[in-house]
Amino acid sequence: MTLLFNSIKTNIEQTAEGEKFVEDMIGHNLQTAAIAAKMRLNPDINQIDNKELVELKKIIGVDEITLFVQSGDDIIGAKSSDPKEINVSAKGWDTIFVAFKQLFNMEEVNVGMGQTLTHFWSGPIDTATTNPEQLNKWGYYYDGTTNYLINPFVHDTSFRNYQQITGIEDVIKKLIKDNQETALEVSVLNTDKFLERKHPVINQAPSNWFSEREVLFGTYRFRDPEEKKYAETALALDKTVFYQTESQGKSITKSFTPLHIDNMKYSGYATIPLIQITSDNTEIDKIINQQLWKTIWFMGSCTLVALAIMAATLWIFKRNKELALQDVQEAYVGNIETLFQSVREQRHDFINHIQTIHAFLALKHYDDLQKYTNDLVGEIRVINELININDPALIALMQAKITQAESLDILCEYEFKHMDELRLSPIRATDIVKILSNLIDNAFDAVMEIEHENRIVEVMGSIYNNQVQFIVRNTGPEIPEALRIKMFESGFSTKSGGGNSGLGLHIVKQLVIRYKGSIQVMSEEGSTEFIVLIPILKTS
């Protein structure tokens, strides 16, 4: 039963993640639609009419579009392509109303739910206030260039079709169908409503909203007096809790399991939905008894077969004992020979090194001896240091760059700390390689313009305080302030002759921005360094 319940939990969590991905895609599309609407609309609400919005919604590909303005302590729908949305008040929309205020204040929306993007926020799919029978996905955009908030929204038709085919409701139906003997019902419960929690709110959400439902998905008919106690225990321990009880004349086993899915949060509080599964003990007992008799017959048959096999095995074992001993001895001798061969090879290299060292000593070529031993120790040190980086991509990159530096007569030094933690971050290894390789290539190009003995490039990497830092430093003249501003532009290059595309630093800048990081250039006479900081969120 534990395996079954874990399978159901995993299926629902994976399906919910898929739904979240689809819902986030819709949110991104709504942000794009809102920006397109802003580009076409007059920034003054008084210069816009509703007919213009009716035409605009067709152009930008949304079902409806409403423009909200601040009115005293309220926020109302001033203009809309949907007549029902005109003069609608947002004051009773609880968390959404708070998000509106943050957008109008040019703040990043932080209400503990929904999807936050630049100048944009979108909540989970919920009921339309103006039409309780309809579920919509809304997006809200405000960047300060207009005197209204842009609200494009789409009906949930396509999303509900997705849910019916591969969504949570479909998964629950299939799970119950595939486990009819044990699973009476499966449901996803709204914790706040199920446990009758009362959060302090300024504006209470309408009771007909989807977010106010007790059962979000599935059905919940088999109730019992102790259900809330076990639900609280499951949330407190953050694990599945089983218990047996009676409901509707049946002996049942129930379980509550916390479900960690962000797109099922419908309030700003840390509400965690619960998966509730009910099983029929009568059917379970019947299945167990049937299986018990099958097991007895199976075990009896297996015992007879096992005795026959044991007798045959014993006879074969005695007959082949000497051959087996001979095979073992031959294998042992072969392994010993392989070991000796490896030792002989290592001894050969060792003798060569000793003979070379002895020859230098005999000839009193102490300088040559020191250079030879330095090279020998250097090879060992380089190999050890590369291995200690603890990241395959970085090891491969630095090995290639060290070889390149030697061919260019450049001293390339490096130091990496805690790089094994990169595996726990969402940063792609290919992006790390792109950032570092472009910075190192840029440093190589810079030092090629100075004397051989002064060509030094240093590469450092470390992870601390949940961020990864890379520093690439090179010797050379100071980069003028005017060039530092332009050097990250696409196609910009100070190299003559057309041998440089000017894309390297631009690629680095774009990758750093993608990961919400920063890049800084510090330059003075004799030294230039690039410092890259990227925040990382470790995943378990």
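Of the 540 residues in the protein, 40% are buried, burial being taken as under 20% relative accessible area. The model is a predicted one. Its accessible surface comes to about 30800 Å², and carbon and sulfur atoms contribute 55% of that area. Among contacts with a separation of 6 or more, 62% join residues that lie 24 or more positions apart. The secondary structure consists of 13 helices and 18 strands.

One part of this architecture may be followed strand by strand. Five strands form an open sheet in the order β14-β15-β16-β18-β17, and their pairing is mixed. The edges are occupied by β14 (411–416) and β17 (518–524). Each of these two has a single partner strand, so one side of each is left without a neighbour in the sheet. From one strand to the next, the twist averages 10°.

Strands of a sheet pair through backbone hydrogen bonds, in either a parallel or an antiparallel manner. For β14 and strand β15 (residues 456–464), the sense is parallel, and the pairing extends over six bridges. Within this part of the sheet, Glu-415 stands opposite Met-460 in β15.

Helices accompany these strands. Helix α10 (residues 392–407) lies across β14 and β15, and its direction is at about 165° to β14. Helix α13 (residues 504–514) also packs on the sheet, where it touches β17 and β18 (526–535). The direction of α13 makes about 140° with that of β17. Thus the edge strands β14 and β17 are met by α10 and α13, respectively.

Definitions and conventions: Residues numbered from 1 in each chain as written. Predicted model: local features only at pLDDT ≥ 70, side-chain atom pairs only at ≥ 80, totals over all residues. Heavy atoms only, no water. Pairing = 2+ DSSP bridges. Helix = DSSP H or I, 4+ residues; strand = E, 2+ residues; numbered from the N terminus. Axes fitted to C-alpha atoms, helices over the stretch in contact; angles between N-to-C directions. Contact = heavy atoms within 4.5 Å. Buried < 20%, exposed > 50% of the residue type's maximum accessible area, 1.4 Å probe, protein only. Areas by Shrake-Rupley, 256 points an atom, 1.4 Å probe, with all protein chains shown as cover.
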